[in-house]
Amino acid sequence: MKFARYEINGTVQYGTVDGDMVTRITGEPWGGYEVSSDTESISSVKILAPTLPSKMIAIGLNYKSHLGDKTAPSVPEPFIKTPSCVVGPNDCIVLPTDSTIVQEEAELAIIFGKTCRNATKENALDYVFGYTCANDVSERDWQKNDLQWTRAKSSDTFGPIGPFIVTGLDPSNLAISARLNGETVQSSNTSDLLFDVPSIIEWVSKFITMEPGDLILTGTPGTTATLNDGDTIEIEVEGIGVLSNCVKTQ
Ligand code: MG
């Protein structure tokens, strides 16, 4: 199934997506909900970030093609992105003052449906509600030179997610790509993940309790491109859709 979080007439709600129509549900997709009779065309509503997570964990260096001259990590390498950097489809990524090299990172994002602590690889997928596209926007000078990755990874607008939450996907074989102004700049498949989705969930949930609506970004493949004022950056994951964002200066 496909779900959207959207705004209509000043009200924010969730709905099920069928083709180009969205039908309001009561509550959140991962809770018990009822489907209403309120159906709208997607073009008549504003699609928002599909979740407002209490926390967003991202995994670094999780595709061989993204390692460059670095050694592959022996365990998944989690870091934090703040909930405050989340934006939705069609929102602009704002290049911060004094930033020099801001780049996209196309990623598959896991959305949890249940409280998850101490999962095993065997039961990890039981905690997953669905998946969405994410852009782990990164300022490379700050990532390289700051002691912490906080501003490099969590400046305002550095966490676009969306456009939809899709359930029932096999996360081990999904095409993933990024297009900058229509030109493909990243292209890979989640089958190339160094640590697959169950392994990531097992590792992260040893230390951090994941709650419904929380996110783990699973890493990015290959090399990334530099974003400039006026650009459009699109992240696409097979079966989910296209997450499109404009880029502007502050
Ligand atoms: Mg990343």
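Q: What does "buried" stand for here, and how is Glu105 classed, buried or exposed?
A: Buried means under 20% relative accessible area, exposed over 50%, and partly exposed in between, with a 1.4 Å probe and protein chains only. This is a predicted model, in which local features need pLDDT of at least 70 and side-chain atom pairs count only at pLDDT 80 or more, while totals for chains, interfaces and linings use all residues. Residues are numbered from 1 along each chain as its sequence is written, and side-chain values use heavy atoms, with hydrogens and water left out. At a relative accessible area of 5%, Glu105 is buried.

Q: Which residues are the protein donors of the magnesium ion?
A: Donors are N, O and S atoms within 2.8 Å of the metal (3.2 Å for Na, K and Ca); water is not among the atoms, so sites may look incomplete. The donor residues follow the spacing E-x1-E-x28-D in sequence. Lying 2.0 to 2.1 Å from the ion, they are Glu105 (OE), Glu107 (OE) and Asp136 (OD).

Q: How many residues apart in sequence are the parts that Glu105 and Asp136 tie together?
A: Strands (E, at least two residues) and helices (H or I, at least four) are DSSP runs, numbered from the N terminus. Glu105 sits in the loop between strand E10 (102-103) and strand E11 (106-112), and Asp136 in the loop between strand E12 (128-135) and strand E13 (138-139), so the parts that the pair ties together are apart by 31 residues.

Q: Which residue meets Lys81 in a salt bridge at 2.7 Å?
A: A salt bridge is a side-chain nitrogen of Lys or Arg within 4 Å of a carboxyl oxygen of Asp or Glu. Lys81 counts as buried at 0% relative accessibility, and it belongs to a salt-bridge network with Glu105, Asp136, Arg140 and Lys153. The partner at 2.7 Å, N to O, is Asp136.

Q: Which three residues supply 65% of the area that domain 1 buries against domain 2?
A: The bounds, from an automatic or database domain assignment, are 2-47 for domain 1 and 56-249 for domain 2. Buried area is the accessible area (1.4 Å probe) that two parts lose on being put together, summed over both. Between these domains it is about 920 Å², of which carbon and sulfur atoms give 70%. On the side of domain 1, the three residues are Lys2, Phe3 and Trp30.

Q: What is the count of salt bridges between domain 1 and domain 2?
A: Asp91 pairs with Lys46, the closest N and O atoms being 3.4 Å apart. Between domain 1 and domain 2 the count is one salt bridge.
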